[in-house]
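Student: Can we go through the charged pairs in this one? I'd like to start with a single lysine.

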Amino acid sequence: MKNSLKEVINIVDLHKSYYDGETELCVLQGVELTVYASEVIAIIGASGAGKSTLLHIIGALDRPTAGHVSYEERDIFTLGDRELARFRNEDIGFVFQFHHLLPEFTAIENVAMNALIRMEKPENSLIYHKAEELLDYVGLSARLKHYPSQLSGGERQRVAIARALMNEPKVVLADEPTGNLDRHNSEAVLELLWNLNAQSGQCFIIVTHNPELAERADRIVHLIDGKISNAHENRTRKQLPHS
């Protein structure tokens, strides 16, 4: 069982509220979750259940109202702003539904960007070499100099995955990574994610409405009205077909 592996993330009594005037909207209400190394976790639930909010807090894109998120026994929200930004850049990879590529930069420049920002004196040739290797791995060696507008939806999402891997994070967070793709491209992206998990041992936490994606995860976390109603090992996990 993967639960015998090293604990990577521990979430304790997590709450998140927003305010509209004097009205409080409680999005997360006491979430408790432990994530282990090399796991693939699918977070499912209806729209508005708090899935994306939970993912954003795990990735330090947002702060909780109360509760703790520990990464390898370090409470990330005790860090200062600069340290928290470094944590986001170095320890977490992000893949979003709409990829968020910078339109004025090529595929290889988009992938290299996080590493260029991370390093005080970047070795550009080494960074671009690694970015090229990642784009080759995701099947885009012929698209290095193409701009996002010149790429298909599936290609743009693969660039986003390569970008997420650039700094070799231990955790990759994916928010509806196939939600904007047709079935063919969705299958290609899913196969890529699962191959990455198998080969690199990185932990993937994936928010999804896609039941087929959830069935392939090691664990399924069901979020209802800001609370985890069920979190269980997926004993019927389906393997992706190999091409």
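**Salt bridges**

Tutor: Lys-170 counts as partly exposed, at 45% relative accessibility. Keep in mind that the model is predicted.

Student: Which residue does Lys-170 form a salt bridge with?

Tutor: Glu-72, with N to O at 2.9 Å. The two belong to distant parts of the chain, 98 residues apart. Lys-170 sits in the loop between helix H5 (153-165) and strand S7 (171-175), and Glu-72 in the loop between S4 and strand S5 (74-75).

Student: And Glu-72, how accessible is that?

Tutor: Glu-72 has a relative accessible area of 29%, so it is partly exposed.

Student: How many salt bridges does the structure hold?

Tutor: Nine. One of them pairs Lys-16 with Asp-62, where the closest N and O atoms are 3.3 Å apart. This pair also links distant parts of the chain: Lys-16 is in strand S1 (residues 7-20), and Asp-62 is in the loop between helix H1 (51-58) and strand S4 (66-71).

Student: Is Lys-16 buried or exposed?

Tutor: Buried, because its relative accessibility is 10% and the cut-off for buried is under 20%.

Student: Switching to arginine. What does Arg-74 pair with?

Tutor: Asp-91, the closest N and O atoms being 3.5 Å apart. Asp-91 is in helix H2 (residues 81-91) and Arg-74 in strand S5, with their positions 17 residues apart in numbering. Arg-74 is partly exposed at 35% relative accessibility.

Student: Which residues do shared partners join into one network?

Tutor: Lys-6, Glu-72 and Lys-170.

Conventions
Residues are numbered from 1 along each chain as its sequence is written. This is a predicted model: local features need pLDDT of at least 70, side-chain atom pairs count only at pLDDT 80 or more; totals for chains, interfaces and linings use all residues. Side-chain values use heavy atoms; hydrogens and water are left out. A salt bridge is a side-chain nitrogen of Lys or Arg within 4 Å of a carboxyl oxygen of Asp or Glu. Helices (H or I, at least four residues) and strands (E, at least two) are DSSP runs, numbered from the N terminus. Buried means under 20% relative accessible area, exposed over 50%, partly exposed in between (1.4 Å probe, protein chains only).
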